[in-house]
Amino acid sequence: MAAPGLRLFCDMKSHPAARATLLLLKTTGIPHEEVRLDLFRGENFKVKELPFRKVPVLTHGNLTIAESTSILRYIGQLPGGEGWYADRDLQDRIKVDEFLDFWQSTLNPAALKFAQNKLGYKFFFRQKAPNEELIAEALQAHEKLNDVVRKYFLADKPFIGGSTGSIADLLYVSTLQQTAGAGAVHEASKDYMERVRQDTLPFYDQLSEDCKKIPEYLKALKML
């Protein structure tokens with residue numbers, strides 16, 4: 001059964017959760033409308049459907065969901081999306097939930113600190129030049145957290161939620177893509193990222209292009 005009325009407000013250049021959500025919708029084939037906004041041009045301040053003026057935001061009829069991990073959980077319980085979340089056994093699903101909490105509280109803030117200071121020092125901090133010392137510290141913190149993901153959340157499993165990909169994996173690879181676009185090297189996660197890619201082709205490659213174009217886009221705006 002289709003899920004009519006889904007609208008995803010997103011900016012593919014600014015937030016890994018936006019790409020993760022769109023990757024989930026496209027991979028599952030759940031019907032939706034994609035509303036792309038440009039946060040670097042302030043378009044998020046002009047759309048009434050964004051309660052906190054940030055993206056992603058999902059609307060479904062009268063329902064509005066404005067938190068990234070809640071959006072992914074919701075889609076993962078819709079018809080067609082259950083295999084990525086709802087249909088898992090309790091222990092696999094709680095590991096997915098645990099990772100989403102870890103991402104929200106710890107992993108994403110560190111990744112954003114690195115990416116924003118490396119690529120968005122003019123836009124976010126009004127600096128004329130990047131703070132290289134701060135960038136190096138942020139990258140080191142990001143790499144340590146990636147090590148936590150590999151050792152604790154993945155361990156010897158192919159995916160965070162067990163033997164098949166989950167919403168946690170979509171969110172994590174989207175985060176890795178974001179920091180890779182800022183210059184981080186993820187050689188230790190290469191095989192894992194390829195497994196997620198194979199599960200989500202051709203959409204993975206299509207959405208990856210948005211990350212690759214971020215530096216070029218910022219240069220065109222004279223923000224880099």
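## The start of helix 5

In this predicted model, a side-chain oxygen of N131 sits within 3.3 Å of the backbone nitrogen of E133, right at the start of helix 5. From there the helix covers residues 132-154, which makes 23 residues. End to end, C-alpha to C-alpha, helix 5 reaches 31 Å, close to the 33 Å expected at 1.5 Å a residue.

Which residues of helix 5 are buried? The list is I135, A138, H142, L145, N146, V149, F153 and L154. As for what covers them, the cover includes helix 3 (90-119), helix 6 (167-181) and helix 7 (190-200).

## On either side of helix 5

Just past the end of helix 5 comes A155, with a positive phi near 50°. Note that A155 has this positive phi although it is not a glycine. A155 belongs to the loop between helix 5 and helix 6, and it counts as partly exposed because its relative accessibility is 45%.

There's another case of this kind in the loop between helix 4 (121-125) and helix 5, where R126 is found. R126 is a residue other than glycine, and its phi is positive, near 55°. Is R126 buried or exposed? With a relative accessibility of 65%, over the 50% cut-off, R126 counts as exposed.

## Helix 1 and the loop before it

Helix 1 takes in residues 16-28, 13 residues in total, and reaches 18 Å from its first C-alpha to its last. That is close to the 18 Å expected at 1.5 Å a residue. How much of helix 1 is covered? Mostly covered is the verdict, with 11 of its 13 residues buried. Among them are P16, R19, T21 and T28, along with the leucines L22, L23, L24 and L25. After helix 1 the chain goes on to G29, which has a positive phi near 75°.

Ahead of helix 1, M12 sits in the loop that follows strand 1 (6-10). M12 counts as buried because its relative accessibility is 2%, and the cut-off for buried is under 20%. Leaving out residues up to four places away in sequence, M12 touches A18, R19, L22, R36, L207 and D210. Of these, A18, R19 and L22 are themselves buried residues of helix 1. If you want a distance back to helix 5, the C-alpha atoms of M12 and F153 are 26 Å apart, with their positions 141 residues apart along the chain.

## The loop between strands 2 and 3

Two residues are worth a look in the stretch between strand 2 (33-36) and strand 3 (57-60). D38 lies in this loop, and with a relative accessibility of 9% D38 counts as buried. Not counting neighbours within four places in sequence, D38 is in contact with D11, K13, E43 and Y217.

P56 is in the loop between strand 2 and strand 3 too. The peptide bond joining V55 and P56 is cis, with omega about 5°.

## How helix 6 packs

Two packed helices are described by the angle between their axes and the distance between the axes. How do helix 6 and helix 7 cross, and at roughly what angle? Their axes come within 10 Å and cross at roughly 120°, and the crossing is left-handed. On the helix 6 side, the contact is made by D169, L170, Y172, V173, L176 and Q177, and helix 7 brings Y192, M193, V196 and T200. Sorted by class, that contact has 7 nonpolar residues, 2 polar and 1 charged.

Helix 6 also packs against helix 8 (residues 203-212), at an angle of about 35° and with the axes 9 Å apart. Here the crossing is right-handed. V173, Q177 and Q178 of helix 6 meet Y204, S208 and C211 of helix 8. This contact divides into 3 nonpolar and 3 polar residues, with no charged ones.

## Between helix 7 and helix 8

One more backbone detail belongs to this region. P202 is found in the loop between helix 7 and helix 8, and the peptide bond from L201 to P202 is cis, with omega near 0°.

Conventions. Residues are numbered from 1 along each chain as its sequence is written. This is a predicted model: local features need pLDDT of at least 70, side-chain atom pairs count only at pLDDT 80 or more; totals for chains, interfaces and linings use all residues. Side-chain values use heavy atoms; hydrogens and water are left out. Helices (H or I, at least four residues) and strands (E, at least two) are DSSP runs, numbered from the N terminus. The expected span of a helix is 1.5 Å times one less than its number of residues. Buried means under 20% relative accessible area, exposed over 50%, partly exposed in between (1.4 Å probe, protein chains only). Contact means heavy atoms within 4.5 Å. A polar contact is a pair of N or O atoms within 3.5 Å; within protein, one must be able to donate a hydrogen and the other to accept it, and residues adjacent in sequence count only if both atoms are side-chain atoms. Axes are lines fitted to C-alpha atoms, for helices over the stretch in contact, and angles run from 0 to 180 degrees between N-to-C directions. A crossing is left-handed if the near helix is turned anticlockwise from the far one by less than a right angle, and right-handed if clockwise. Ala, Val, Leu, Ile, Met, Phe, Trp, Tyr, Cys and Pro count as nonpolar, Asp, Glu, Lys and Arg as charged, and the others, Gly among them, as polar.
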